[in-house]
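This report describes a protein model and the ligand it holds. Please look through the sequence and the structure before reading on.

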Amino acid sequence: MKPELVVVGPLLPALMETLDRDYVTHRLWEVPDRDALLAEVGPRVRAIATSGHHGATAALMDALPNLEIIGCFGVGVDAIDIGHAKARGVIVTNTPDVLTDDVADLAVGLLLAVARGIVAGDRHVRSGKWLQGPMPLMRKVSSGLVGIAGLGRIGRAIAKRVDALGARIAYYGRRSYADVDYPFYGDLVSLARDCDYLILATPGGADTHHMVDRAVIDALGPAGALINIGRGSLVDEAALVDALVAGRLGGAGLDVFEDEPRVPQALFALDNVVLQPHVGSATVETRQAMGDLVAANLRAHFAGRPPITPFF
Ligand code: NAP
């Protein structure tokens with residue numbers, strides 16, 4: 001008998017194929033009456049497959065009284081009610097490490113794109129404006145101080161790349177780490193005041209909600225730039241847009257937003273802003289590795305082994 005599994009929203013096609021082969025799958029987004037489906041199959045379901053975007057609510061978990069495990073495609077689990085899963089004794093797995101390099105690459109890509117005006121330069125050429133004159137001068141990265149909020153797996157991979165660029169590094173977090181030499185700041189406003197570029201690589205969720213507020217943005221100032229590859233919820237987006245429009249912040253490179261895929265229209269006209277549609281881990285290789293890890297976690301659990309990458 002194949003275990004029954006609820007899929008919250010569309011996942012990588014290769015992962016869906018594996019899940020369809022190994023489980024009886026119930027696709028929540030395809031049914032006209034989700035509650036009716038859950039009332040019918042809920043007691044038989046032992047697993048949820050979801051993503052950092054689709055998440056899993058307490059109400060969904062409660063519709064599945066025999067739920068054992070949630071497999072999340074993605075490392076950020078802030079869209080999953082972790083407290084409820086813990087209270088229910090439900091295992092949550094995510095996909096750390098396999099996506100670290102790609103997300104760090106994108107963070108550094110955004111840093112260079114914003115500081116050097118790479119996207120604006122492309123527009124300058126394509127629009128024919130080069131024929132009328134050169135671009136304004138941009139900012140040097142390698143003489144700057146890059147602040148990293150969240151020196152975890154991705155933060156450290158960013159630091160390695162920034163090191164290679166020759167820039168200095170400092171970091172902010174809940175605690176300092178004995179195994180790194182970079183200066184530590186326990187206060188984000190102070191780090192923002194001292195650094196030229198601030199890169200966010202912390203998880204989303206209640207603890208970090210709007211940790212970049214007006215005070216942090218003003219401390220970064222017109223000569224500074226913010227790069228966010230963490231979560232949209234980390235930043236008070238209205239305050240960010242106000243500062244960028246008013247010229248109180250020098251620039252921003254954003255892969256994540258508060259209400260994805262909706263992005264504040266005011267940003268579209270700004271040349272000092274580079275926008276990405278949440279693609280930190282979006283390469284063929286990494287998405288395949290993430291899918292494989294989701295499947296491997298579920299397989300381990302149903303074979304009676306501990307999951308490979310439990311979130312807690
Ligand atoms: P990680 O290894 O757990 O690192 C998270 C870092 O943030 C740790 O240094 C952690 O410090 C710090 N942190 C956690 N809570 C904090 C708080 N309340 N205040 C300050 N610092 C805090 O996770 P990771 O694998 O690097 O991933 C980080 C995040 O990147 C994910 O949670 C996700 O939101 C985001 N992400 C985005 C994309 C994308 O496509 N843009 C892709 C993957 C991941 P401690 O040592 O104190 O725990």
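## Terms and model

Strands are runs of at least two residues that DSSP assigns as E, and they are numbered from the N terminus. Two strands count as paired if DSSP finds at least two bridges between them. The model is predicted. Strands of a sheet pair through backbone hydrogen bonds, in either a parallel or an antiparallel way.

## The five-stranded sheet

One open sheet is built from five strands in the order β2-β1-β3-β4-β5, and their pairing is parallel. The edges are formed by β2 (24-27) and β5 (91-93); each has a single partner strand, so one side of each has no neighbour in the sheet. On average, neighbouring strands of this sheet are turned by 20 degrees against each other, direction ignored.

Strand β1 covers residues 4-7 and runs parallel to β2, to which four bridges join it. Within this pair, Glu-4 of the chain stands opposite Val-24 in β2. Helix α1 (residues 13-22) lies across four strands of the model: β1, β2, β3 (45-51) and β4 (69-73). The helix runs at about 130 degrees to β2.

## The seven-stranded sheet

Another open sheet has seven strands, ordered β8-β7-β6-β9-β10-β11-β12, again with parallel pairing. Here β8 (184-185) and β12 (273-275) are the edge strands; each has a single partner strand, so one side of each is left without a neighbour in the sheet.

At one of these edges, β8 pairs with strand β7 (residues 168-172) in the parallel sense, over two bridges. Tyr-172 stands opposite Tyr-185 in β8.

## The ligand and its surroundings

Which residues come nearest to the ligand? Of the 27 residues around the ligand, these are Ile-154, Arg-174, Arg-175, Tyr-177 and Asp-255. By type, the shell divides into eleven nonpolar, ten polar and six charged residues.

Polar backbone atoms of the protein also approach the ligand. An oxygen atom of the ligand lies 2.9 Å from a polar backbone atom of Arg-153. An oxygen atom of the ligand is 3.2 Å from a polar backbone atom of Gly-280. For Ile-229, a polar backbone atom is 2.9 Å from a nitrogen atom of the ligand. The ligand taken alone exposes 930 Å², and the protein buries 88% of that area.

Terms used. Residues numbered from 1 in each chain as written. Predicted model: local features only at pLDDT ≥ 70, side-chain atom pairs only at ≥ 80, totals over all residues. Heavy atoms only, no water. Near = heavy atom within 4 Å. Polar contact = N/O pair within 3.5 Å; in protein donor to acceptor, adjacent residues only side chain to side chain. Areas by Shrake-Rupley, 256 points an atom, 1.4 Å probe, with all protein chains shown as cover. Nonpolar A, V, L, I, M, F, W, Y, C, P; charged D, E, K, R; others polar. Axes fitted to C-alpha atoms, helices over the stretch in contact; angles between N-to-C directions. Contact = heavy atoms within 4.5 Å.
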